[in-house]
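Please open the structure in a viewer and keep the selection tool at hand. The tour below proceeds stop by stop, stating what to select and what is found there.

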Amino acid sequence: MTIAPVQRTGSTAWTDARLILALEEVVEQELNRHLKVAKEWMPHEYIPWSQGRDFDGVLGGEAWAVEQSQVTQLGRVSLVVNLLTEDNLPSYHHEIATMFGREGAWGTWVHRWTAEEGRHGIALRDYLLATRAVDPVALERARMDHMSAGFESDNAHSMLQSVAYVAFQELATRISHRNTGHFAGDPLCEQLLAKIANDENLHMVFYRNLLRAALELAPDQAMAAIRDVVTEFRMPGHGMPGFERAAAQIALGGVYNLRIHHDDVLQPVLRHLKVMEVDGLGPDGRQAQEELGLFMVGLDAQATRFDERQAALLARRAANAARK
Ligand SMILES: [Fe+2]
Ligand SMILES: [Fe+2]
């Protein structure tokens, strides 16, 4: 009897280590593409330094007061959530370096991504402090709390779930920055956030292309990973102090809510990758695809109920304000 080497491509053959190895070439291509399209930008150019002055405390300047802030109340809430999310970069770096490794193309990507993300936190903090947009003491205390708690990925047990999660999450972050800028009430803030949102978009493209390659390589497992990530999605900032309250304000204000999550984050990635049209799946993949489709229909209905509640609440508020 001859025992021929068997190329196993079935569901049991794909371990995380094998997937990482098999996708290394795609990572290298995507990294090179990313480096070509990502243009260098200088965070300091976006900060109106002339608006800055000393704070109270060591330098005996003026204490912060809310009247000094030129951004809207919604802008303040959302900017803080976005900055604290960016601030937890050491934890994210740890998570992805542990999952993807620090060697070869994967490692180069992990470090490059970390460097780019670092720029976001720096630029946002510089803007907030120079313009006195938010309470600096509350911000620093929230940063200490949030970073001290650290961030643990929901997807650390699965390489494919990790890739799927970041594809959606980078787009979620892009939309969140962009919409925050839109509602902040300061054109300089909007300009900075549009720049940051552009970076997040390039990160999304990198991971989305990687997810496409994973779908071709291990369709059943990738489909299951997408289903799990989409159905259990949580924003990376979910653990920060006061997140639920802030998220409610951010949702009502139209920066980020179920409708936006469904229409501007989940659907564009699913459609781009033609996830619902992938065929040739095994029973597990087909089941995952079906469950994903059902979930999206349910989410759309839930988003419609949210839209209606939001419209009713905003109308009530407007009527109350008109009566005063
Ligand atoms: Fe970022
Ligand atoms: Fe990003």
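Does arginine 227 count as buried or exposed? Arginine 227 counts as buried, because its relative accessibility is 17% and the buried class covers values under 20%. Please bear in mind throughout that this is a predicted model.

**First stop: the salt bridge of arginine 227**

Keep arginine 227 selected and add glutamate 291. These two residues form a salt bridge, with their closest N and O atoms 2.8 Å apart. The pair links distant parts of the chain, since glutamate 291 belongs to helix H12 (residues 283-323) and arginine 227 to helix H9, 64 residues apart. Unlike its buried partner, glutamate 291 counts as partly exposed, at 31% relative accessibility.

**Second stop: further salt bridges**

The count of salt bridges in the model comes to 11. Select arginine 234 and aspartate 154, whose side chains meet in a salt bridge of 2.8 Å from N to O. Arginine 234 lies in the loop between helix H9 (219-231) and helix H10 (243-252), and aspartate 154 in the loop between helix H6 (136-149) and H7, so this pair ties together parts that are 80 residues apart in sequence. Arginine 234 is partly exposed at 39% relative accessibility, and aspartate 154 is partly exposed at 34%.

Next, select glutamate 62 and arginine 53, which form a salt bridge with their closest N and O atoms 2.9 Å apart. Glutamate 62 is partly exposed, with a relative accessible area of 41%, and arginine 53 is partly exposed, with 43%. Then select Arg259, Asp263, Asp300 and Asp307, which a network of salt bridges links together.

**Third stop: the iron ion (ligand 1)**

Select the iron ion (ligand 1). Which residues coordinate this ion? Its donors are two OE atoms of Glu86, an OE atom of Glu117, ND1 of His120 and an OE atom of Glu200, at 1.9 to 2.5 Å. Along the sequence, the donor residues follow the spacing E-x30-E-x2-H-x79-E.

Now show helix H5 (residues 104-130): glutamate 117 and histidine 120 are three residues apart in this helix, and therefore separated by about one helical turn. Glutamate 117 is buried at 6% relative accessibility, and histidine 120 is buried at 0%.

**Fourth stop: the iron ion (ligand 2)**

Add the iron ion (ligand 2), which lies 4.0 Å from the iron ion (ligand 1); glutamate 117 coordinates both. The protein donors of the iron ion (ligand 2) are Glu117 (OE), Glu170 (OE), Glu200 (OE) and His203 (ND1), at 1.8 to 2.2 Å. The site is irregular, with angles of 94 to 138° among its four donor atoms.

Show helix H8 (residues 187-217) as well. Glutamate 200 and histidine 203 are both in this helix, three residues or about one turn apart. Glutamate 200 is buried at 0% relative accessible area, as is histidine 203 at 0%.

**Fifth stop: the nonpolar cores**

In soluble globular proteins, nonpolar side chains tend to be buried together. Select Phe100, Met159, Phe168, Tyr207, Leu210 and Ile226, which touch the most other members of the largest nonpolar core, a set of 71 residues. Helix H7 (residues 159-183) provides the largest share of this core, 11 residues. Apart from this core lies another, of 19 residues, including Val71, Leu83, Ala130 and Leu139.

Finally, centre the view on leucine 210. Beyond its neighbours within four places in sequence, leucine 210 is in contact with Leu23, Val26, Val27, Trp106 and Val163.

Technical notes
Residues are numbered from 1 along each chain as its sequence is written. Chains are lettered from A and ligands numbered from 1 in the order in which they are written. This is a predicted model: local features need pLDDT of at least 70, side-chain atom pairs count only at pLDDT 80 or more; totals for chains, interfaces and linings use all residues. Side-chain values use heavy atoms; hydrogens and water are left out. Donors are N, O and S atoms within 2.8 Å of the metal (3.2 Å for Na, K and Ca); water is not among the atoms, so sites may look incomplete. Helices (H or I, at least four residues) and strands (E, at least two) are DSSP runs, numbered from the N terminus. Buried means under 20% relative accessible area, exposed over 50%, partly exposed in between (1.4 Å probe, protein chains only). A nonpolar core is a set of buried Ala, Val, Leu, Ile, Met, Phe, Trp, Tyr and Cys residues joined through side-chain atoms within 4.5 Å. Contact means heavy atoms within 4.5 Å. Four donors count as tetrahedral if all angles lie between 85 and 135 degrees; four count as square planar and six as octahedral if opposite donors are over 155 degrees apart and all others between 65 and 115; anything else is irregular. A salt bridge is a side-chain nitrogen of Lys or Arg within 4 Å of a carboxyl oxygen of Asp or Glu.
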